[in-house]
Structures are given as structure tokens and as C-alpha cells.
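Trainee: I have a new structure open and would like to talk it through from the beginning. Could you walk me through it?

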Amino acid sequence: MLCSKYISFSFLLFSLFLHAVNCADPLYHFCFSQENYTANSPYGKELGDRCPHKKGAIIWYDNCLLKYSNIHFFGEIDNKNKFYLWNVQDVENPTSFNPKVKDLLIRLSNKAYANPKFYATGDLKLDSSSKLYGWAQCTRDLSGLDCKKCLETAISELPNC
Ligand SMILES: *[C@@H]1O[C@H](CO)[C@@H](O)[C@H](O)[C@H]1NC(C)=O
């Protein structure tokens, strides 16, 4: 198994593009609060069906994420709410493939945290006929250093895939 660009930790994620109003099925969600809100509360408009009455939840779509909580979370790395998606096709040579994935993502994370938009895309040639494509991104509430730290943590967890 291998991880592709959807190594989607909550911090290695998608931005709110204007065209992101997307009604497709979400990629993943967590109802991370145990606390319930009461009727007529401002919480959970979008996540109401999946996380009824919960005071904290997060949901990912292809092009955006939505998170709410009764606990302040801006500017803090979220190491708890994370998930993996993988491409089920096998690569021909995992021994050489896996280090190349790591090299590409390290290069992209170094570009991403230094970019004001906090993302970077790129590719790496695998052999004469194939290329590896990558994407690294942070939510923009993080500091540059936390973005870097966060992406490094994500990359270090790749072997778990
Ligand atoms: C929240 O509501 C659910 C469903 O009604 C209930 O099972 C749960 O015990 C409640 N949690 C708390 C912390 O009150």
C-alpha cells in the first residue's frame, strides 16, 4: 500500500477555495467533543447530522475542511484529528518508491511553510515513464515554524501506511 497526496492530516490540508461548495461525500469526519450542546445553539450547522449535538467536530471534503469547537484552536497544531487515505494499487518497486515519496514531501514541506499561502505542489520523476506528484499544505492559522513541524510529523508517520 502507498500513500498518495491524500495523506490528509488535519494540518496537511485543503484550503477554502471559492469553488469549493461541493456536495460530494466527505472524505472523513470526527465528532471529537463528548459534550453536547442544547437546542438553539450556534454549533454544528453543517455537521448536525453526523455529529448531532456535539460541541466539537471536523469534516473534510476534497476542497475544504470545516472545524468547530467550544475550545479555542486557532494557531495550534491539531495532532489528534487525522486520517489516512491510500491508493490501493501497488507500486512496482516499493524499496525505491518509498524514499522518493519522502524526498518529494520533504522538499514540498520546505517550500510550503515558506510560502505565504502555506502550500506547495511538485513532482519527481520515478522512471522514464512515470512521475510522482505531491502536495503539502497547512491551514493558515499556524505559524511558519509550526507548519514545518506539523508537516514533518506527518511525513514521519508515512511508514504507518
Ligand atoms: C450527549 O448526547 C448523547 C445522545 O443523546 C448521550 O448518549 C450522551 O451521553 C450525551 N453526552 C453527555 C456528555 O451528556
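Mentor: We will go from the overall layout to the helices, the cores, the ligand and a few loop residues.

Mentor: Please keep in mind from the start that this is a predicted model.

Trainee: Okay, so how many helices and strands does the chain have?

Mentor: The chain has 2 helices and 7 strands, and, read from the N terminus, the elements follow the order β-β-β-β-β-α-β-β-α.

Trainee: And what share of the residues counts as buried?

Mentor: Of the 161 residues in the chain, 37% count as buried.

Trainee: Let's take helix 1. What span should it have, and how far apart are its end C-alpha atoms?

Mentor: Helix 1 covers residues 94-114, and at 1.5 Å a residue its 21 residues should span 30 Å, which agrees with the 30 Å between its end C-alpha atoms.

Trainee: Which of its residues are buried?

Mentor: In helix 1 the buried residues are Phe97, Val101, Leu104, Leu105, Leu108, Ser109 and Ala112. They lie on the same side of helix 1, because the arc they cover around the axis is only 140°.

Trainee: What sits on the face turned away from that buried side?

Mentor: That face of helix 1 carries Thr95 and Ala114, which are exposed.

Trainee: What about helix 2, which residues are buried there?

Mentor: The buried residues of helix 2 are Cys147, Cys150, Leu151, Ala154 and Ile155, and they are on the same side of helix 2 because they cover an arc of only 135° around its axis. As for length, helix 2 has 13 residues and reaches 18 Å from its first C-alpha to its last, close to the 18 Å expected at 1.5 Å a residue.

Trainee: Where do the buried nonpolar residues gather? Which have the most contacts inside the largest core?

Mentor: The largest nonpolar core has 18 residues, and those with the most contacts inside it are Val101, Leu105, Leu108, Cys138 and Leu151. At least two residues of this core come from each of helix 1, strand 6 (119-125), strand 7 (131-137) and helix 2 (144-156), and helix 1 gives the largest share, 6 residues.

Trainee: What lies apart from it?

Mentor: Another core lies apart from it, with 8 residues, among them Tyr37, Cys51, Ala57 and Ile59.

Trainee: Switching topic: which residues surround the ligand?

Mentor: Gln34, Asn36 and Lys54 surround the ligand. In the side chain of Asn36, an N or O atom is 2.3 Å from an oxygen atom of the ligand.

Trainee: How much of the ligand does the protein cover?

Mentor: The protein covers 26% of the 360 Å² of accessible area that the ligand has on its own.

Trainee: Now the loops. Where is Ser33, and is Ser33 buried or exposed?

Mentor: Ser33 is in the loop between strand 2 (28-30) and strand 3 (56-60), and with a relative accessibility of 8% Ser33 counts as buried, because the cut-off for buried is under 20%. A polar atom of the Ser33 side chain lies 3.0 Å from the backbone nitrogen of Glu35.

Trainee: And Asn81, where is that one?

Mentor: Asn81 is found in the loop between strand 4 (65-69) and strand 5 (86-87), where Asn81 is buried at a relative accessible area of 7%. Its side chain makes a polar contact of 2.8 Å with the side chain of Asp78.

Trainee: Is Asp25 buried or exposed?

Mentor: Asp25 is exposed, with a relative accessible area of 67%, and lies in the loop between strand 1 (2-3) and strand 2. Asp25 and Trp60 are 35 residues apart in sequence, while their C-alpha atoms are 9.3 Å apart in space.

Trainee: Last thing: what is the phi of His53, and of Phe118?

Mentor: Most residues other than glycine have a negative phi. His53, however, has a positive phi near 70°, and Phe118 has a positive phi of about 60° although it is not a glycine.

Trainee: Where are these two residues found?

Mentor: His53 is found in the loop between strand 2 and strand 3 and is partly exposed, with a relative accessible area of 46%. Phe118 lies in the loop between helix 1 and strand 6 and is buried, with a relative accessible area of 9%.

Terms used. Residues numbered from 1 in each chain as written. Predicted model: local features only at pLDDT ≥ 70, side-chain atom pairs only at ≥ 80, totals over all residues. Heavy atoms only, no water. Helix = DSSP H or I, 4+ residues; strand = E, 2+ residues; numbered from the N terminus. Expected span 1.5 Å × (residues − 1). Buried < 20%, exposed > 50% of the residue type's maximum accessible area, 1.4 Å probe, protein only. Arc of directions from axis to C-beta. Near = heavy atom within 4 Å. Polar contact = N/O pair within 3.5 Å; in protein donor to acceptor, adjacent residues only side chain to side chain. Areas by Shrake-Rupley, 256 points an atom, 1.4 Å probe, with all protein chains shown as cover. Core = buried A, V, L, I, M, F, W, Y, C linked by side-chain atoms within 4.5 Å.
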